[in-house]
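Grab a pencil and keep the viewer open. We'll work through a few exercises together, one step at a time.

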Amino acid sequence: MSNYFNTLPLREQLNQLGVCDFMDSAEFLDGVNVLKGKKLVIVGCGAQGLNQGLNLRDSGLDVSYTLRKEAIEGKRDSWKNATENNFTVGTYEELIPTADVVINLTPDKQHTAVVTAIMPLMKKGATLLYSHGFNIVEEGMQIRKDITVIMVAPKCPGSEVRAEYVRGFGVPTLIAVHPENDPEGKGLAQAKAYCVGTGGHRAGVLKSSFVAEVKSDLMGEQTILCGLLQTGSILSFDKMVEKGIDAGYASKLVQYGVEVITEALKHGGVTGMMDRLSNPAKVKAFEISEELKNIMRPLFQKHQDDIMSGEFSSTMMADWAAGDKNLLAWRAATGETAFEKTPAGDVKIAEQEYFDNYTLMVAFVRAGVELAFETMVQAGIKPESAYYESLHETPLIANTIARKKLFEMNRVISDTAEYGCYLFDQACKPLLADFMTKVDTDLVGKNFNEGKDGGVDNRTLIAINEALRTHEVEVIGTKLRKAMTAMKSIKTA
Ligand SMILES: NC(=O)C1=CN([C@@H]2O[C@H](COP(=O)(O)OP(=O)(O)OC[C@H]3O[C@@H](n4cnc5c(N)ncnc54)[C@H](OP(=O)(O)O)[C@@H]3O)[C@@H](O)[C@H]2O)C=CC1
Ligand SMILES: CC[C@](O)(C(C)=O)C(=O)O
Ligand SMILES: [Mg+2]
Ligand SMILES: [Mg+2]
């Protein structure tokens with residue numbers, strides 16, 4: 001097996017990277033009908049497995065779970081997840097031969113072994129579904145030619161796939177059919193029906209390709225979504241403690257602040273988030289986010305370049321082969337950070353206070369969203385896809401940090417995302433060291449407006465507003481959010 005993307009001629013690489021059609025809601029009027037009465041068997045009952053399965057069942061589909069023998073015999077968490085939710089659970093031998101659609105929701109690291117084990121058991125003409133294309137694109141997995149291979153990739157953590165569905169909304173989703181495996185031409189119709197089953201059609205669906213999904217998903221998760229939220233949270237907490245802010249207050253501001261701040265982003269884009277600041281704070285946040293963009297641009301570009309060339313996937317696969325040495329060391333180190341170990345204080349923080357006292361995070365988010373978006377688009381990823389992978393998903397990841405800090409984020413995201421997050425965090429913290437020496441409590445910990453007269457230069461403010469509103473992420477975001485008519489607000493702490 002070899003990297004599928006790298007085997008393609010450049011013309012075809014660009015062609016597959018550029019597949020991105022925003023689908024009209026009329027394309028989903030047939031609902032889940034194509035899959036009604038079919039047997040859907042999910043392999044694995046973890047973050048995506050459980051939550052997709054719950055949504056699919058509530059949408060009227062027939063879902064069961066197959067787990068490896070050890071998980072069933074040992075009554076592991078995946079067995080408990082499935083049985084406590086009254087799903088049928090069976091071994092591969094019992095359930096895979098009955099399946100019309102087999103949904104592989106095991107960690108990417110396991111895909112080659114899992115697919116190799118289940119493929120001989122799959123009935124002729126069945127469908128294999130992935131939620132991330134790493135195995136096909138980066139490992140070049142070959143699938144039996146009678147099998148249809150499709151992807152339905154929710155652009156968010158599994159917990160939010162369920163939470164948004166229960167709220168009556170959904171999460172933006174990329175669907176694709178692997179061009180090497182669509183023998184009966186049924187892949188797209190099945191992917192659409194599955195996407196309705198998970199609720200994705202209510203938030204926006206892109207007809208994409210395995211290649212475009214992988215190259216954008218890896219970039220988003222490593223940089224803005226997980227990497228920068230982790231780096232920004234740790235640096236912000238440490239700065240407050242260094243400057244004498246109460247540690248309990250600092251812990252709470254960081255844990256919940258990113259959720260409150262990015263909720264404004266979700267509804268109104270970068271413009272909406274920046275508009276929550278006073279005019280002087282907005283000017284300052286704009287200036288420091290420009291500085292942050294200049295400092296971090298080479299790092300964002302390096303991540304995208306390494307993802308495109310296959311360098312990232314080969315180093316991560318080397319870590320898999322080394323027993324996850326780096327992943328486990330980085331996971332342990334993150335668990336030992338002062339932010340992670342300091343409980344949130346029993347102190348009330350009003351919603352507006354999160355903006356006024358945490359201008360630094362607003363600047364981090366603006367810088368990270370715009371940089372990730374710009375870098376993806378420069379690399380050939382379409383703006384719609386880049387928007388979902390940067391701006392739209394940031395609040396959905398922030399929700400997990402609000403629940404139980406970085407531990408929860410890193411637990412809920414895939415192992416692939418977790419690895420990339422630490423990789424970015426390791427490189428980013430030293431890059432920001434000089435920048436952080438200049439940061440004081442007016443930017444993090446105390447109200448930025450305190451002791452200021454509130455005045456700003458009109459022309460500066462007008463230029464900043466213009467720059468924010470005309471950025472391409474805002475232009476595409478305004479269009480995509482118009483289709484999100486069922487978006488709901490979340491309650492914050
Ligand atoms: N996490 C997320 O939110 C997102 C994930 N994805 C993609 O979804 C897929 C699933 O990821 P995620 O939900 O994070 O995965 P999890 O780590 O949560 O999956 C764990 C499940 O996989 C099973 N499993 C682990 N190893 C094996 C193995 N060798 N053989 C059989 N079963 C195994 C586990 O069972 P056991 O109890 O036996 O260990 C458990 O049921 C990945 O492709 C990922 O990239 C896409 C979007 C977001
Ligand atoms: C952001 C991480 C992710 O890509 C996701 C939740 O979308 C993952 O792999 O977990
Ligand atoms: Mg993702
Ligand atoms: Mg991912």
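Below are five exercises on this predicted model, each with a worked solution.

**Exercise 1. Find the two domains and describe the side of domain 1 that touches domain 2.**

Step 1: Start with the split. The protein is divided into domain 1, residues 21-207, and domain 2, residues 212-482.

Step 2: Now look at the spacing. The C-alpha centres of domain 1 and domain 2 are 30 Å apart.

Step 3: Turn to the contact. Domain 1 puts in 24 residues, and domain 2 puts in 22 residues.

Step 4: Stay on the domain 1 side. Four elements each supply at least two residues here: α8 (134-137), β7 (148-154), α9 (158-166) and β8 (173-177). The largest share, three residues, comes from α9.

Step 5: Sort that side of domain 1 by class. You get 14 nonpolar, five polar and five charged residues.

**Exercise 2. Work out where ligand 1 lies and what surrounds it.**

Step 1: Take the shell as a whole. Ligand 1 is surrounded by 29 residues, and the closest are Gly44, Gly46, Ala71, Ser78 and His132.

Step 2: Ask which elements contribute two or more residues to this shell. They are α3 (47-58), α5 (77-84), α7 (111-118) and β7. The largest share comes from α3, with three residues.

Step 3: Check the classes. The shell around ligand 1 holds 13 nonpolar, twelve polar and four charged residues.

Step 4: Place the ligand. Domain 1 and domain 2 both give residues to this shell, so ligand 1 lies between them.

**Exercise 3. Do the job again for ligand 2: which residues and elements form its shell?**

Step 1: Pick out the residues around ligand 2. They are Lys155, Cys156, Pro157, Asp217, Glu221, Leu225, Cys226, Ile397, Ile413, Ser414, Thr416 and Ala417.

Step 2: Match them to elements. Both α11 (210-242) and α20 (415-431) supply at least two residues of the shell. The one that gives the most is α11, with four residues.

Step 3: Sort by class. Seven residues in the shell around ligand 2 are nonpolar, two are polar and three are charged.

Step 4: Place the ligand. Ligand 2 lies between domain 1 and domain 2, because both of them give residues to its shell.

**Exercise 4. Trace the nine-stranded open sheet, then zoom in on β7.**

Step 1: Read the strand order. The open sheet runs β1-β9-β8-β7-β6-β5-β2-β3-β4, with mixed pairing.

Step 2: Find the edges. β1 (21-22) and β4 (89-90) each have a single partner strand, so one side of each has no neighbour in the sheet.

Step 3: Look at the partners of β7. Strand β6 (residues 127-130) pairs with β7 in the parallel sense over four bridges. Here Leu128 has Val149 as its bridge partner in β7, and Leu129 stands opposite Ile150.

Step 4: Move to the other partner. β7 and β8 pair in the antiparallel sense over five bridges, with Ala153 opposite Leu174 in β8.

Step 5: Decide how covered β7 is. Seven of its seven residues are buried. For the faces, it helps to recall that side chains in a regular strand alternate between the two faces of the sheet. On one side of β7 sit Thr148, Ile150, Val152 and Pro154, on the other Val149, Met151 and Ala153, and all of them are buried.

**Exercise 5. Look up phi for Lys75 and Asp324, then say how exposed each residue is.**

Step 1: Know what to expect. Most residues other than glycine have a negative phi.

Step 2: Try Lys75. Its phi is positive, about 45°, although it is not a glycine. Lys75 lies in the loop between α4 (69-73) and α5.

Step 3: Count neighbours for Lys75. There are 10 C-beta neighbours inside 10 Å, so Lys75 counts as exposed.

Step 4: Try Asp324. Its phi is near 60°, again a positive value in a residue other than glycine. Asp324 lies in the loop between α14 (311-321) and α15 (325-335).

Step 5: Count neighbours for Asp324. It has 16 other C-beta atoms within 10 Å, so Asp324 is partly exposed.

Conventions. Residues numbered from 1 in each chain as written. Chains lettered and ligands numbered in written order. Predicted model: local features only at pLDDT ≥ 70, side-chain atom pairs only at ≥ 80, totals over all residues. Near = placed C-beta within 6 Å. Nonpolar A, V, L, I, M, F, W, Y, C, P; charged D, E, K, R; others polar. Domains from an automatic or database assignment. Contact = placed C-beta atoms within 7 Å. Pairing = 2+ DSSP bridges. Buried ≥ 20, exposed ≤ 12 C-beta atoms within 10 Å, placed from the backbone.
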